[in-house]
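Reader: I'm new to this, so please pick one part and walk me through it slowly. I'd like to see how that part fits in with everything around it.

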Amino acid sequence: MCNTNYMEDLVKELYTRMGISEPDQLNYQHISYELGIKLFYWYEPSQALFLKERAYIFLNVHLSKEQKWQDFCHELGHVLLHCGNQRRLPTDFIKYQEAKANLFMYHACMPSFMLDQLNINDYASETINQVANLFCVEDSFAAKRLEQYINHKLHRICELKPSNQYETS
């Protein structure tokens, strides 16, 4: 029985190949270097671009370090999971790509395999603040990711629990 999902496996494999196993090793400059992605800072909204088969991520220079990390992971999701120019895609497909990049962002910023090491069982404000600081994300981001993580963890537990639905009295 599988206890992880595709996105968790993708992020863990990606980070493991780079030797990243702890939250303090999560660094967007290092990740972009390892993946051969050119990283630039500018005054426009963050985005990923492809030019002649090369990936570029542009981060808004005015963002906080937490927002830069979050934006980097969102744009990295586009680089790793998508192809094509969004300007030429149907609106519904763009929405799908954005949702997928957001899902990747949450998993890449706060990987499940690292959260598993912390033995987190709640998302109380103290826990959220500690985890936000550990993973260098905003508190609201950490709260949403912890909710996702704990819900998935509970779902896994329920799947593993034997069902008594066929017992007779």
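Author: Let's take helix 3 and start with a ruler check: its 17 residues should span 24 Å at 1.5 Å a residue (the expected span is 1.5 Å times one less than the number of residues), and since its end C-alpha atoms are 24 Å apart, the two agree. Keep in mind that this is a predicted model, where local features need pLDDT of at least 70 and side-chain atom pairs count only at pLDDT 80 or more, while totals for chains, interfaces and linings use all residues. Residues are numbered from 1 along each chain as its sequence is written, and side-chain values use heavy atoms, with hydrogens and water left out.

Helix 3 covers 65-81, and the chain has 7 helices and 3 strands altogether (DSSP runs numbered from the N terminus: H or I of at least four residues for helices, E of at least two for strands). In sequence order the pattern goes α-α-β-β-β-α-α-α-α-α.

Now, which residues of helix 3 are buried? They are Lys68, Trp69, Gln70, Phe72, Cys73, His74, Glu75, Leu76, Gly77, His78 and Val79 (buried means under 20% relative accessible area, exposed over 50%, partly exposed in between, with a 1.4 Å probe and protein chains only). Across the chain, buried residues account for 37% of the 169 residues.

Two of those names turn up again in the largest nonpolar core: this set has 40 residues, and Trp69 and Phe72 are among those with the most contacts inside it, along with Tyr15, Ile57, Met110 and Val137 (such a core is buried Ala, Val, Leu, Ile, Met, Phe, Trp, Tyr and Cys joined through side-chain atoms within 4.5 Å). Helix 3 gives two or more residues to this core, and so do helix 1, helix 2 and strand 3, among others.

Helix 1 is worth a stop too. Its axis and that of helix 3 come within 13 Å and cross at roughly 100 degrees (axes are lines fitted to C-alpha atoms, for helices over the stretch in contact, with angles from 0 to 180 degrees between N-to-C directions). That makes the two helices roughly perpendicular. From helix 1, Tyr6, Met7, Leu10, Leu14 and Tyr15 meet Trp69, Cys73, Leu80 and Leu81 of helix 3.

Zoom in on Tyr15: leaving aside neighbours within four places in sequence, its contacts include Trp69 and Cys73, plus Ile20, Leu26 and Ile31 (contact means heavy atoms within 4.5 Å).

Note on methods: Angles under 35 degrees count as roughly parallel, over 145 as roughly antiparallel, 65 to 115 as roughly perpendicular and the rest as oblique.
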